[in-house]
Amino acid sequence: MTVAVVRFPGTLDHDSAARAVRAAGGDAAPAWHQDTELPAGTHAVLIPGGFSYGDHLRPGAIASRSPIMGAVRRHAEAGGLVLGICNGFQVLCESGLLPGALRTNASLSFVCRQVRLDVTDAGTPFTAGLEGPLSIPVKNHDGAWYGDPSTARVVLRYHGENPLGAVDAVAGVANAAGNVMGLMPHPEEAVDPLLGSVDGLGLISALVRA
Amino acid sequence: MTRVVVTVMPRAGVLDPQGQAVQGALGRLGFDGVDDVRVGKRIELTVHGADPEAEARRMCEELLSNPLIEDFTVTVEGG
């Protein structure tokens, strides 16, 4: 199964995202921000982390208005899976494909460490069969989710803490249909025992099963 | 050409950690009369066209602000 890995100017994690897709048994195909179509044969889309367009204006704001996002939107509207990680999550919220917004961390600090995540909704294709707490790292400065958790489909919460200051300790949300999901932690950095955890593999594997 | 100034501010009720940090620093410098600080941004546009204010408002709605977390104002400064 082919997973398109979207890259904007300033994207950083495309290589580790592609490596994680291969670790999950899939093929990764690069998609450039100026493309108007996803790579031929794309089954699922992964928008990786980084600092697209230098985080100018608001993280993810400019990337969310780029040509490739039209193709990502059509893929999502057709029921295809889309996973946004970190900056990819910010891009999906800015594009309106996911509810809420990501704000500067309450501590004003860049937070880079392992966190544990509770799976609060196992009814999406991404979280089906996942049991928390999952051990996955975060690394961001603007990762505090803001939104209405009573209307958003919250799929992941920080376990026993709220390291970024998100509303209700939300770490990841999905759209109502469950085929678009975003999270601030980095599952692609938790797919190899050498890195201390393989708890991210389940989320990445969902893209490959698509 | 017309200059239009857009200000974008965190919405009332949305935590503004940057404003809080600045308020704390002002207090430590002895400015003890500061009750609140909000930090936003100012965007200066030099534009041409029939209705710069309406055009700037559309820019705010489509890109310059995120209505979930920010409010904006548009001021035409003349040209």
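In the predicted model, A:Arg113 is partly exposed, with a relative accessibility of 37%. Its side chain meets that of A:Glu161 in a salt bridge, with an N to O distance of 2.8 Å. A:Arg113 belongs to strand E6 (residues 111–119) of chain A, whereas A:Glu161 lies in the loop between strand E9 (153–158) and strand E10 (170–174) of chain A, so the salt bridge ties together parts that are 48 residues apart in sequence. A:Glu161 is likewise classed as partly exposed, at 27% relative accessibility.

Over all chains, the whole structure contains 14 salt bridges. One of these pairs A:Lys139 with A:Asp13, and the closest N and O atoms are 3.0 Å apart. Distant parts of the chain are linked by this pair: A:Lys139 is in strand E7 (residues 134–140) of chain A and A:Asp13 is in the loop between strand E1 (2–7) and helix H1 (14–23) of chain A, with the two positions 126 residues apart. A:Asp13 is buried, because its relative accessibility of 6% falls under 20%. A:Lys139, at 26%, counts as partly exposed.

A further salt bridge is formed by the side chains of A:Glu94 and A:Arg58, at 2.7 Å from N to O. Helix H3 (residues 87–95) of chain A carries A:Glu94, and A:Arg58 sits in the loop between strand E3 (42–47) and helix H2 (67–77) of chain A; the pair therefore ties together parts that are 36 residues apart in sequence. A:Glu94 is buried at 13% relative accessibility, and A:Arg58 is buried with a relative accessible area of 5%. Through shared partners, salt bridges join A:Arg58, A:Arg65, A:Glu94 and B:Glu70 into one network.

Chain A contains an open sheet of nine strands with mixed pairing, in the order E2-E1-E3-E4-E11-E10-E9-E6-E7. Strand E2 (27–32) and E7 of chain A stand at the edges; each has a single partner strand, so one side of each lacks a neighbour in the sheet. From one strand to the next, the twist averages 30 degrees. Within the sheet, E10(A) and strand E11 (residues 180–183) of chain A run antiparallel and are joined by three bridges. A:Gly172 stands opposite A:Leu183 in E11(A).

Two helices of chain A were examined against these strands. H1(A) lies across E1, E2 and E3 of chain A and runs at about 170 degrees to E1(A). Helix H4 (residues 201–209) of chain A lies across E1, E3, strand E4 (81–85), E7, E9 and E11 of chain A, at about 150 degrees to E4(A).

How values were computed:
Residues are numbered from 1 along each chain as its sequence is written. Chains are lettered from A and ligands numbered from 1 in the order in which they are written. This is a predicted model: local features need pLDDT of at least 70, side-chain atom pairs count only at pLDDT 80 or more; totals for chains, interfaces and linings use all residues. Side-chain values use heavy atoms; hydrogens and water are left out. A salt bridge is a side-chain nitrogen of Lys or Arg within 4 Å of a carboxyl oxygen of Asp or Glu. Helices (H or I, at least four residues) and strands (E, at least two) are DSSP runs, numbered from the N terminus. Buried means under 20% relative accessible area, exposed over 50%, partly exposed in between (1.4 Å probe, protein chains only). Two strands pair if DSSP finds at least two bridges between them. Axes are lines fitted to C-alpha atoms, for helices over the stretch in contact, and angles run from 0 to 180 degrees between N-to-C directions. Contact means heavy atoms within 4.5 Å.
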